[in-house]
Amino acid sequence: MKYFTLLLLVGFGYLASAQEVNFNGETYEIKKDQIFKNSINVTETLTTEEKQQIRNALDNKMAQIKESEERAKRLEKAEKEQKKAEKQQKVAEKKQKKAEKELKQNEKAQSNFDKAVKKHEDAIQKYEKLKNKGKLSPIAEEKWLSKIAQYNKAKVKSKKKLK
């Protein structure tokens with residue numbers, strides 16, 4: 001698109017400096033108030049009506065060129081706005097992905113905390129049950145207390161991650 005715009009502007013510059021007009025199958029070149037045909041000044045030989053028609057043809061040509069330039073500018077502006085909108089959309093998508101990732105991490109941390117609490121409570125209950133039945137030897141009791149302490153550490157650690 002940039003090349004198209006550049007080509008259009010270069011073409012306009014060429015046409016604007018030469019100011020050539022095709023009228024009745026003849027090519028005329030207008031410089032200031034003078035009209036040339038094949039580099040020969042024919043301003044005096046043309047009628048007033050022909051001069052006016054040639055100038056009107058030039059004005060029409062210049063209006064078309066100006067309109068095409070404006071169209072190209074509008075198109076370029078629309079492309080810039082589209083790129084800007086796409087960029088904003090990408091930023092919004094990145095923010096959304098980040099928020100989703102953070103939510104997922106929070107859910108996982110909550111799940112880990114819940115599991116750690118449950119394991120800790122289950123270990124305490126089982127220890128109490130075995131202790132009440134009298135089925136714990138001193139070595140087994142030491143192992144259960146160690147296990148309960150580990151579950152407590154895991155619970156505390158997962159609680160820190162939860163925050």
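Below are a few exercises on this predicted model, each with a worked solution.

Residues are numbered from 1 along each chain as its sequence is written, and side-chain values use heavy atoms, with hydrogens and water left out. Because the model is predicted, local features need pLDDT of at least 70 and side-chain atom pairs count only at pLDDT 80 or more, while totals for chains, interfaces and linings use all residues.

**Exercise 1. The overall layout**

Work out how many helices and strands the chain has, and in which pattern they follow one another.

Solution. Start with the definition: helices (H or I, at least four residues) and strands (E, at least two) are DSSP runs, numbered from the N terminus. By that count, the chain has three helices and four strands. Next, read along the sequence, and the pattern is α-β-β-β-β-α-α. Then turn to burial, where buried means under 20% relative accessible area, exposed over 50%, and partly exposed in between (1.4 Å probe, protein chains only). Of the 163 residues, 17% count as buried. Last come the contacts, meaning heavy atoms within 4.5 Å. Among those with a separation of 6 or more, 51% are between residues 24 or more positions apart.

**Exercise 2. The sheet**

Find the order of the strands in the sheet, and say which strands are at the edges.

Solution. Two strands pair if DSSP finds at least two bridges between them. Applying this gives an open sheet in the order β1-β2-β3-β4, with antiparallel pairing. The edge strands are β1 and β4 (40-41), since each pairs on one side only. As background, strands of a sheet pair through backbone hydrogen bonds, either parallel or antiparallel.

Now take the pairs one by one:

- β1 (residues 20-23) is joined to β2 (residues 26-31) by four bridges, and V21 has Y28 as its bridge partner in β2.
- β2 and β3 pair over three bridges, with E29 opposite F36 in β3.
- β3 (residues 34-37) and β4 are joined by two bridges; here K37 stands opposite I40, and F36 has N41 as its bridge partner.

Finish with the turns. The hairpin of β1 and β2 has two residues between the strands, and N24 in its turn has a positive phi of about 55 degrees. In the hairpin of β2 and β3, again with two residues between the strands, K32 takes a positive phi near 55 degrees. The hairpin of β3 and β4 has two residues between them too, and N38 in the turn has a positive phi of about 55 degrees.

**Exercise 3. Two faces of a strand**

Sort the residues of β1 into a covered face and an uncovered one.

Solution. V21 and F23 make up the covered face. E20 and N22 belong to the uncovered face.

**Exercise 4. E141 and its partner**

Which residues does E141 contact beyond its neighbours within four places in sequence?

Solution. First locate E141: it is in helix α3 (residues 138-162). E141 counts as partly exposed because its relative accessible area is 28%. Leaving the close neighbours aside, E141 is in contact with Y127 and L136. Now look at Y127, which is 14 residues from E141 in sequence and 7.9 Å away, C-alpha to C-alpha. The side chains of E141 and Y127 share a polar contact of 3.0 Å. (A polar contact is a pair of N or O atoms within 3.5 Å; within protein, one must be able to donate a hydrogen and the other to accept it, and residues adjacent in sequence count only if both atoms are side-chain atoms.)

**Exercise 5. S158**

Is S158 buried or exposed, and what does S158 touch?

Solution. S158 also has its place in helix α3. S158 counts as buried because its relative accessibility is 10%. The S158 side chain reaches the backbone oxygen of K155 at 3.0 Å. Not counting residues up to four places away in sequence, S158 touches N112, F113 and A116.
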